[in-house]
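Please look at the structure shown here with its ring-bearing and charged side chains in mind. The report that follows goes through ring pairs, charged pairs and a small sheet in turn.

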Amino acid sequence: MSLVTGICSGLAAVLLTGLISVISSLLYRGDSGVGMWRYLVFPGVGMLLVYHIVKYVVRDNIGHGVTRALVAVSRNESRIRPHNIWSSVLCSSLTIGFGGSVGAEAPIVYTGSAIGSNLGRCFGLSHKNITILLGCGAAGAVAGIFKAPLAGVLFTIEILLFNVSMSSMLPLLLSTISATVIAYIFRGQTPVFACDLTVFSMGNLPFYVLMGVLMGFCSLYFTNTTLWLEDRIGRMSSGYFRWLVCALGLGVLIFLFPPLFGQGYDSLEGLLTGRDITGEGGSVPGFLAGSPWGIPVFFALVFFLKVVAMTLTNAGGGVGGTFGPTLFAGAVMGFVIARTINLLGWSVPEQNFVLVGMAALMAGVMQAPMTAIFLIAEISGGYGLLIPLILTSTISFGTVRIFEKYSIYTKRIAQSGDLLTHDSDQAVLTLLQTKDLVRDKYPRIDVNASLGDIMKVVSESTAAVFPVLDSTGRFQGILEMDDIRKHMFNTDEYESLRVYSLMHDAPMYVNVNEKMDSVLDKFDRTEAWRLPVIDDDCKYLGFISKSRILMAYRAELKEISSGD
């Protein structure tokens with residue numbers, strides 16, 4: 001099944017790249033001179049088309065593919081809706097083909113994850129095996145779009161699946177190899193970013209160290225600016241007004257800075273091959289190319305504005321990811337750093353710094369250094385750069401971690417408390433759901449009931465605690481055997497004494513949707529053994545006990561730690 005998942009994910013990657021190429025070539029054929037107006041209009045048209053498809057056909061949020069795959073693993077038992085097998089491919093190809101400044105990698109990861117998830121569900125597999133197939137689909141998608149099998153496995157291990165056993169490695173490897181073979185068959189065996197690299201020189205190590213630190217701060221800018229802009233634009237209530245603002249902003253940015261068009265990989269070709277990037281047919285306008293410092297200044301602006309263009313595309317209705325823009329922005333900043341060093345009088349190979357910059361920014365933004373290192377090595381054939389790749393990626397990652405614990409994919413999920421991590425204890429607590437541990441075995445007592453009514457209930461029950469409710473089912477308090485013991489043999493009080501005179505308040509309440517971390521914190525603070533569970537309307541649902549949580553914790557820990 002992992003083999004089938006890999007083949008399907010590879011075919012999806014081939015289809016997506018093919019559709020983007022066809023749409024782009026049809027719309028932008030002969031894009032010089034008067035045709036430049038298309039850069040102002042077509043990206044917004046693509047966003048509008050996708051906005052309507054998502055709103056009226058798909059009727060589901062399919063943006064931020066990697067993040068949504070993470071949410072599926074953390075919250076939805078690895079279940080992804082079947083439409084994601086085709087909807088992400090269609091919408092992202094239209095978005096990018098029309099010129100949207102986003103990447104195709106995140107949508108194809110979500111597509112591959114959907115293929116694996118639905119294949120596992122179709123054959124009635126367990127939750128654990130569906131999760132493994134979901135990971136196989138994501139790994140195959142990365143391998144298929146980049147022709148990088150090892151990077152696909154590492155991506156799944158570092159970013160998507162929190163606990164991969166050795167027995168899970170076999171299906172992951174089969175999936176990535178099969179997807180890579182499919183990519184080779186349809187797209188050839190040439191690396192995605194093939195280039196001639198200069199032999200690594202030990203004398204350049206100080207520059208790579210400096211680059212790692214700078215890329216760490218660039219990663220913080222990339223992540224924080226993206227999330228901040230998304231929040232600000234998301235506050236616009238009207239979808240069409242949001243589209244209009246984003247479409248106008250994106251069109252102007254692409255018109256002024258052509259490298260922001262689409263995924264931007266065409267612009268990277270000049271940086272990686274040393275082809276002239278100035279003047280007619282180049283990326284840099286002629287008036288800036290006349291100054292030695294004009295070129296790095298132009299590309300520095302491209303780096304800072306790429307985040308804006310990417311966010312405008314996604315917020316305005318488009319569907320795309322941050323994976324590709326991260327690689328593009330890292331390459332651009334790597335070039336800026338190298339060109340600046342050369343202008344200051346030293347001599348460093350700019351193509352090498354472009355590739356290493358891609359890995360360094362990816363390691364910081366995604367907080368996945370192993371994926372970054374081997375992805376860049378595989379897609380460029382640049383294994384001779386392993387030392388600077390490892391050095392800069394590690395330093396960039398370490399710099400980011402000083403200031404930010406979570407990646408661009410996981411920050412919002414972590415804020416909601418739904419993030420699975422490589423920490424098994426924390427992962428178990430995330431997986432445990434309060435609603436699954438509620439027990440409603442305790443007899444309910446009306447708040448206005450008499451002591452005589454209570455004695456009838458007590459005589460027919462072995463419970464030591466009774467929830468007290470009003471006529472609408474809302475929780476009012478707790479009645480324990482100790483509360484009634486001194487009155488139970490005084491028959492004169494059977495009619496006069498009421499429940500509300502005997503009950504006491506619960507030490508704390510637990511909401512049925514509350515995270516397990518919060519529930520355990522309430523147990524610690526109250527030193528209670530059981531706590532009442534209520535819904536959002538204060539309706540009583542049952543009790544949750546510390547012993548039941550511990551039993552579920554042990555069972556879940558055994559499940560995720562199993563190598564079967």
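## Rings, charges and a sheet

Tyr442, Phe475, Tyr509, Tyr540 and Phe543 are linked into a cluster by ring pairs, where rings of Phe, Tyr and Trp (its six-membered ring) pair if their centres lie within 6.5 Å, and planes under 30 degrees apart count as stacked, over 60 as edge-to-face and the rest as tilted. This is a predicted model, in which local features need pLDDT of at least 70 and side-chain atom pairs count only at pLDDT 80 or more, while totals for chains, interfaces and linings use all residues. Residues are numbered from 1 along each chain as its sequence is written, and side-chain values use heavy atoms, with hydrogens and water left out.

A search of the whole structure finds 20 aromatic pairs. One of them is formed by Phe207 and Trp346, which meet edge-to-face with 5.8 Å from centre to centre and 65° between the planes. Because Phe207 belongs to helix H9 (residues 205-234) and Trp346 to the loop between helix H14 (323-343) and helix H15 (350-365), this pair ties together parts that are 139 residues apart in sequence; helices (H or I, at least four residues) and strands (E, at least two) are DSSP runs, numbered from the N terminus. Phe207 counts as buried, at 16% relative accessibility, where buried means under 20% relative accessible area, exposed over 50%, and partly exposed in between (1.4 Å probe, protein chains only).

Within the cluster, the rings of Tyr442 and Phe543 have centres 5.0 Å apart and planes at 75°, so this pair is edge-to-face. Tyr442 lies in the loop between helix H19 (424-431) and strand E1 (445-446), and Phe543 lies in strand E6 (residues 540-545), so parts that are 101 residues apart in sequence are tied together. Both Tyr442 and Phe543 are buried.

The structure also holds seven salt bridges, each being a side-chain nitrogen of Lys or Arg within 4 Å of a carboxyl oxygen of Asp or Glu. Three of these salt bridges are set out below.

| Salt bridge | Closest N and O atoms |
|---|---|
| Glu350 and Arg339 | 2.6 Å |
| Arg485 and Asp482 | 2.4 Å |
| Asp521 and Arg525 | 3.0 Å |

Glu350 lies in helix H15 and Arg339 in helix H14, so their pair ties together parts that are 11 residues apart in sequence, and both Glu350 and Arg339 are buried. In the pair of Arg485 and Asp482, Arg485 is partly exposed, with a relative accessible area of 42%, whereas Asp482 is exposed, with 55%. Asp521 and Arg525 both lie in helix H23 (residues 516-526), four residues apart, which is about one turn of the helix; Asp521 counts as partly exposed at 36% relative accessibility, while Arg525 is exposed, with a relative accessible area of 53%.

How are the strands E4, E5 and E6 ordered in their sheet? They form an open sheet of three strands in the order E4-E5-E6, with mixed pairing, and two strands pair if DSSP finds at least two bridges between them. Strand E4 (510-511) and strand E6 stand at the edges with a single partner strand each, so one side of each is left without a neighbour in the sheet. E4 and strand E5 (residues 530-534) run parallel and are joined by two bridges, and Val510 has Val533 in E5 as its bridge partner. Helix H23 packs on this sheet, touching E4, E5 and E6, where contact means heavy atoms within 4.5 Å. The direction of H23 makes about 135° with that of E5; axes are lines fitted to C-alpha atoms, for helices over the stretch in contact, and angles run from 0 to 180 degrees between N-to-C directions.
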